[in-house]
Amino acid sequence: MGLGVPPERHSLAMSPLNRRRWQSFKANRRGYWAFWIFAVLFVVSLFAEFIANDKPFFVRFDGRSYFPVFVTYPETAFGGEFETAADYRDPYLANLIAAKGGFMLWPPIRYSYNTHNLDLPTPAPSPPTWMLTEAQCKSVVEHKGLSGCSDLEYNWLGTDDQGRDVAARLIYGFRLSVLFGLALTIVSSVIGVAAGAVQGYFGGWTDLLFQRFIEIWTSIPSLYLLLIISSVLVPGFFVLLGILLLFSWVSLVGLVRAEFLRGRNFEYIQAARALGVSNRTIMFRHLLPNAMVATMTFLPFILSSSVMTLTALDFLGFGLPPGSPSLGEMLSQGKANIQAPWLGISGFLTVATMLSLLIFIGEAVRDAFDPRKTFG
Amino acid sequence: MEAPYDKVLEVNELSVAFKHGQHETLAVDRVSFEIKKGETVALVGESGSGKSVTALSVLKLLPYPSAPHPPGTIHFKGQHLLHLPDAEIRHVRGNDITIIFQEPMTSLNPLHTIEKQIGEILLLHSGLTGQAARERTIELLSQVGIPDPQMRLKSYPHQLSGGQRQRVMIAMALANEPDLLIADEPTTALDVTVQAQILNLLKELQRRLGMAMLFITHDLGIVRKLADTVCVMKEGKIVETGPVERVFTAPVHPYTRALLAAEPKPDPAPVCAGAPVVIQTKDLKVWFPIKRGVMRRAVGYIKAVDGVSIEVRQGETLGIVGESGSGKTTLGLAILRLVSSDGPIVFLGSTIAGLTFRQMRPFRRHMQIVFQDPYGSLSPRMSVSDIIEEGLGVHAPNLSRAEREQRVIRALLDVGLDPNTRFRYPHEFSGGQRQRIAVARAIVLEPTFVVLDEPTSALDMLIQAQIVDLLRALQKRRNLTYMFISHDLRVVAALACRLLVMRHGKVVEEGPAAEVFARPKSPYTQALLAAAFNLETAPEDVVAQ
């Protein structure tokens, strides 16, 4: 017995294997930083309504508090004339509130993804406000009674061809892409792992038939089929999710199946069978954790390819319904408006950053799960 | 030897340190030895003692720069190897110094023919091509005793047996008539009979070519047979060096003495008492169909177990011996109904053949198995306590948490492990400790019958002896019945009271162990015994190559 005194450990502590993986994930500086940057960006974008919105998140009016981000108030609540939803960007409403000694707390960007800026100094797409010359601003400045360009409400990254703020659309678009990607990844992983597990564990005819089916299925040129289906069905978030799911679940099947086939013959599986442990318990307790390593390794890459597919469909105009904050649509606007480089450049940088971060994370996860990888 | 004893290799104060981030582990600690021309030096030690690392550093084959050599020198015929640039060391490798590895399965490239692999060495170091290279290859293959070398040129590694693959490796090592051959456990992965052949071959070749040999092994039997000088290594240090006869007859260091004492000897086998029968088979068959064609019809059968009848009595051990592929493991699995078989199996009076997996469950409590590889038989994702507890969850689901924990603690104490280690994971234990955990998993259910499938062959000599002692003690204390499967006759001899020799799925010889060891009847058993105890080769045709 060559081992020394065992370290004290509680039965609930993180297993040393996972601790080692976390250590080696941290040791990959690039992936580790990418992970944190992505996490911060994602969490921040989850609160997009508080960063870029055409509604203030707090209004104090006539001694009462209002939260327009959560509740839609009619204009009459602030002394307006119509029962329609209050338009807080309207100077008329702002004056009404100010007159009663009230105030509004605005998010840093006063546009939502679907807010049209009606006071554009130039025809849409309009360049970022800080790029405008005084001559371009002149008409709007005079109309609003301001003193110069710098007093205008800023479109930090310009507007698109419908006068909507690019920065706001990017924030919402990022959130939508990542959420869509995550949903697609999780659902297709669950289906893929289940299908792979069944094939690998039972083998024989089940495996044979399933494999032939998957071979035929994957040989369908999926993008064309997606285009056809999405021109028949009315595309929306969940319809698109369903359509993309049709093809994305296969990506993990082979891997999980191979892990189960390999794992079936491990001696500790034999040992469990010799103990009389049931098939289902063996699959869940002994085999699934093995397969999860391969799955975890692939997840970031599946996520980035899901995001990419959505962007591609949007770019081609078969994606999310018009008006949705979509990165693909931004790119296609950039293509259509070469004279407005802020569209193409901002869209490209966002997509490129997002995908690069995901790939860096993926590489770090892959290395962390690699048992042969050592850092020295 | 006709040549004067000049030094071929001189290793002086060699150290190897491995860096893991901040940590530095000293794998080899100031080791010095020398090898003269025509001499065989053996490095002996358990796994992890640094013997392979020492050998690899002679050829600078370690992962640099994460494994630096702090001080120390290696002189090969006057050249300082550690300071040689990479280009020159490559010239030394495979030309002046060659190496044979343990695992012939993985040290040959599965995608190239034998001819191509040997030809590559000839091309690199002697510049031979075409017909000349082919002739030399055939010459080498016949030198290492491969039958029909001409036919074998186009063979791929998988078409050769383990022994033949190792012969090919030796042929590659000898291709350029090296001055020094390093053999890193070249026979550990082979059967005893094949091991004897390979050792004889090496000895014979060494005498003919007059080369020096550095032989790394954990098997003292081989050392005694083969080496002139022996260096005993422990934890990176050489604790004892000397001529073989001296070290074996008058060991100085306590560790050497322990090693020698641990070497299994053909003890008088235990006597069999006439106890009630625990398990019995009659004409048991396990045939795997060979399926061909579109309709997957069975065109023939691989007869892994072909008509074996056994009978094991309460409290005794049945030893099952045979080479790899003889069907002994399959027999064990069939008796436990882990592979399907034909023929009646009677366990504790009930016929268990033909029962479904679910119907078998109540019997599993009484029949357990310990596997060969302690690294493969424990799930790396479960703590020791979870591993041992798993069977209790199936067979004693009514136990409370505390009772269950008590059973686990008792099992761990029984196998000589500290119960406080039960929350640790298998990879934190040494091979011997893992095997103890595997035994604990089997005995926690308090079984009657345990199949031991080569439980010691993956372990070091010293640990083997400990595990055998443990098994013997457990058997006595709990009146266990064992079926001990092994290719190592020396280990079987220590435990079994009855012996069954298997070959190609059939029983070649059976009887009380003492009798079989003393007067083996079949030539196959005789060959096995000679190979195991004296490392002697059998006459042609009795055993495979």
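## Exercises on a predicted two-chain model

Leaving aside neighbours within four places in sequence, Phe484(B) is in contact with Thr317(B), Leu318(B), Gly319(B), Ile320(B), Leu452(B), Val492(B), Leu495(B) and Ala496(B). The model is predicted. The exercises start from this residue.

### Exercise 1: The cores

Find the largest nonpolar core and the residues with the most contacts inside it.

Solution.
- Step 1. Count the members. The largest nonpolar core has 160 residues.
- Step 2. Pick out the residues with the most contacts inside this core. They are Ala171(B), Leu180(B), Phe484(B) and Leu528(B).
- Step 3. Ask which element gives the largest share. Helix α7 (residues 162-174) of chain B supplies 7 residues.
- Step 4. Look for another core. A second, separate one has 55 residues, including Tyr113(A), Phe174(A), Leu184(A) and Leu331(A).
- Step 5. Set this beside a general trend. In soluble globular proteins, nonpolar side chains tend to be buried together.

### Exercise 2: A helix pair

Describe how α5(A) and α11(A) cross, and what their contact is made of.

Solution.
- Step 1. Locate the helices. In chain A, α5 covers residues 166-202 and α11 covers residues 279-316.
- Step 2. Give distance and angle. The two axes come within 8 Å and cross at roughly 145°.
- Step 3. Give the hand. The crossing of α5(A) and α11(A) is right-handed.
- Step 4. Name some partners. The α5(A) side includes Phe180(A), Leu184(A), Val193(A) and Tyr201(A); the α11(A) side includes Met283(A), Leu287(A), Ile302(A) and Thr311(A).
- Step 5. Sort the contact residues. There are 16 nonpolar, 7 polar and no charged ones.

### Exercise 3: A covered helix

Is helix α10(A) mostly covered or mostly uncovered, and what do its buried residues pack against?

Solution.
- Step 1. Count. Helix α10 (residues 267-274) of chain A has 8 of its 8 residues buried, so by the cut-off of 20 or more other C-beta atoms within 10 Å it is mostly covered.
- Step 2. Check for charged names. Glu267(A) and Arg273(A) are among the buried residues.
- Step 3. List the partners in chain A. The buried residues of α10(A) pack against α9 (250-264) and α11.
- Step 4. Add the partners in chain B. These are α13 (357-364), β18 (367-370), α14 (384-395) and α16 (431-443).
- Step 5. Step past the helix. Just after α10(A), Gly276(A) has a positive phi of about 90°.

### Exercise 4: Two aspartates

Where do Asp62(A) and Asp283(B) lie, and is each exposed or partly exposed?

Solution.
- Step 1. Recall the general rule. Most residues other than glycine have a negative phi.
- Step 2. Read Asp62(A). Its phi is positive, about 55°. Asp62(A) lies in the loop between β1 (58-61) and β2 (64-66) of chain A.
- Step 3. Count around Asp62(A). Because 13 other C-beta atoms lie within 10 Å, Asp62(A) is partly exposed.
- Step 4. Read Asp283(B). Its phi is also positive, near 55°. Asp283(B) lies in the loop between β11 (277-281) and β12 (284-292) of chain B.
- Step 5. Count around Asp283(B). It has 11 C-beta neighbours inside 10 Å, so Asp283(B) counts as exposed.

### Exercise 5: Confidence

State the scores of the model, then find the stretches with pLDDT below 50.

Solution.
- Step 1. Overall, ipTM is 0.71 and pTM is 0.73.
- Step 2. Chain A averages a pLDDT of 84, and 94% of its residues score at least 70.
- Step 3. Chain B has a mean of 83, with 92% at 70 or more.
- Step 4. Among chain B elements, α3 (residues 104-107) has the lowest mean, 73, and β19 (residues 449-453) the highest, 91.
- Step 5. The pLDDT is below 50 over residues 1-5 of chain B. It is under 50 over residues 1-9 of chain A.
- Step 6. Draw the caution. Where pLDDT is low, the predicted coordinates should not be read in detail.

Definitions and conventions: Residues numbered from 1 in each chain as written. Chains lettered and ligands numbered in written order. Predicted model: local features only at pLDDT ≥ 70, side-chain atom pairs only at ≥ 80, totals over all residues. Axes fitted to C-alpha atoms, helices over the stretch in contact; angles between N-to-C directions. Helix = DSSP H or I, 4+ residues; strand = E, 2+ residues; numbered from the N terminus. Left-handed = near helix turned anticlockwise from the far one by under 90°. Contact = placed C-beta atoms within 7 Å. Nonpolar A, V, L, I, M, F, W, Y, C, P; charged D, E, K, R; others polar. Buried ≥ 20, exposed ≤ 12 C-beta atoms within 10 Å, placed from the backbone. Core = buried A, V, L, I, M, F, W, Y, C linked by C-beta atoms within 7 Å. pLDDT = per-residue confidence, 0-100.
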